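Visitor: I should like to go through this structure by asking how each label attached to it is justified. Please set each value against its criterion.

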Amino acid sequence: MRLKNKIALLAGVGIGMGRATALLFAQEGAKVVINARRSDHLKETTDRINSMGGDVLAVCADVADQDQANRTVAQALARHGRIDILYCGAGGNFKPTRDFSDVNPEFHEQTIKNNVTTLHNLAQAAQPQMRAQGGGAIVSVAASFSVSQEGNPAYGAAKGGIIGLAKNLARELYRDNIRVNVLLPGLFRGK
């Protein structure tokens, strides 16, 4: 149990890789606060964690909205008093069939919000607590070069934005003993 007694706030864990991450964190002993926009996705993940004997709190919210991100962090703190790990896996809009001419302004903006703005909002909400408790870890999910390139122009821009934001956070937050990392997964088969 590598994460025993750790508190992890995991955002964007509705299905696929996010759900698998939440299950793994719980299996490794973390007390998890999970977030997604859809309550049905949260319920299935919560039920699976509970069946393993895990400690889970589900918060249905759209963390691309700063107020909802703040509320999500506040609920995690109300339950556990600290956040050791912030995992931001919110994202979406991997649509390889969309060419640049198919990426309208609304799709582009939504893709940036789902990917980059969620990391910004959650890190901004969690950073004061992590600083006060002496440190923590922020982990975000971007995409490998090939996945970013295959997705569509908005998706590629958003995943590149995650990397850029994380690099700047890592430079700034290291003084507070907050480690910032980005995962760059390749393609995988989901259920």
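Visitor: What makes the pairing of the side chains of T111 and N93 a polar contact?

Guide: In this predicted model, the side chains of T111 and N93 are joined at 2.7 Å. A polar contact requires N or O atoms within 3.5 Å, so the pair at 2.7 Å qualifies.

Visitor: Why is T111 called buried?

Guide: T111, a residue of helix α4, has a relative accessibility of 0%. Buried means under 20%, and T111 therefore counts as buried. Setting aside neighbours within four places in sequence, T111 is in contact with G92, N93, A154, Y155 and A158.

Visitor: Which residues of α6 are buried?

Guide: The buried residues of α6 are A154, Y155, A158, K159, I162, A166, L169 and L173. They lie on the same side of α6, because the arc they cover around the axis is only 130°. The face turned away from that buried side carries the exposed residues K167 and R171. Among the elements that cover the buried residues of α6 are α4 (105-133), β5 (136-141), α5 (145-151) and β6 (178-183).

Visitor: How do you know that the length of helix α6 agrees with its number of residues?

Guide: Helix α6 has 21 residues, 153-173, and at 1.5 Å a residue these should span 30 Å. The end C-alpha atoms of α6 are 30 Å apart, which agrees. At the start of α6, a side-chain oxygen of N152 comes to within 3.0 Å of the backbone nitrogen of A154.

Visitor: How does α2 fare under the expectation of 1.5 Å a residue?

Guide: The 13 residues of α2, 39-51, should span 18 Å, and its end C-alpha atoms are 18 Å apart, so the two agree. The buried residues of α2 are H41, L42, T45, T46 and I49. They cover an arc of only 125° around the axis and are therefore on the same side of α2. On the other side of α2, K43 and S51 are exposed. The cover over the buried residues of α2 includes α1, β2 and β3 (56-60). After α2 comes G53, with a positive phi near 85°.

Visitor: Why does D84 count as buried?

Guide: The relative accessibility of D84 is 14%; with the limit for buried at under 20%, D84 therefore counts as buried. D84 lies in the loop between α3 (66-80) and β4 (85-88). A polar atom of the D84 side chain is 2.8 Å from the backbone nitrogen of I7. Apart from neighbours within four places in sequence, the contacts of D84 are N5, K6, I7, M130, Q133, G136 and A137.

Visitor: Is A125 in helix α4 buried or exposed?

Guide: A125 has 17% relative accessibility, and because buried means under 20%, A125 counts as buried. Leaving aside neighbours within four places in sequence, A125 is in contact with Q66, A69, N70 and V73. A125 and D67 are 58 residues apart in sequence and 9.4 Å apart in space, C-alpha to C-alpha.

Visitor: Which residues lie nearest the centre of the largest pocket?

Guide: Of the 38 residues lining the largest pocket, G12, I15, G89, G91 and G92 lie nearest its centre. The volume of the largest pocket is about 930 Å³. At least two lining residues each come from α1 (16-27), β2 (31-36), α4 and α6, and α1 gives the most, with three residues.

Definitions and conventions
Residues numbered from 1 in each chain as written. Predicted model: local features only at pLDDT ≥ 70, side-chain atom pairs only at ≥ 80, totals over all residues. Heavy atoms only, no water. Helix = DSSP H or I, 4+ residues; strand = E, 2+ residues; numbered from the N terminus. Expected span 1.5 Å × (residues − 1). Buried < 20%, exposed > 50% of the residue type's maximum accessible area, 1.4 Å probe, protein only. Arc of directions from axis to C-beta. Contact = heavy atoms within 4.5 Å. Polar contact = N/O pair within 3.5 Å; in protein donor to acceptor, adjacent residues only side chain to side chain. 1 Å grid on protein atoms, 1.4 Å probe; cavity = no way out; pocket = protein on both sides within 12 Å on 5 of 7 lines; lining within 4 Å. Points joined across faces, edges and corners; volume = space filled by probe spheres on them.
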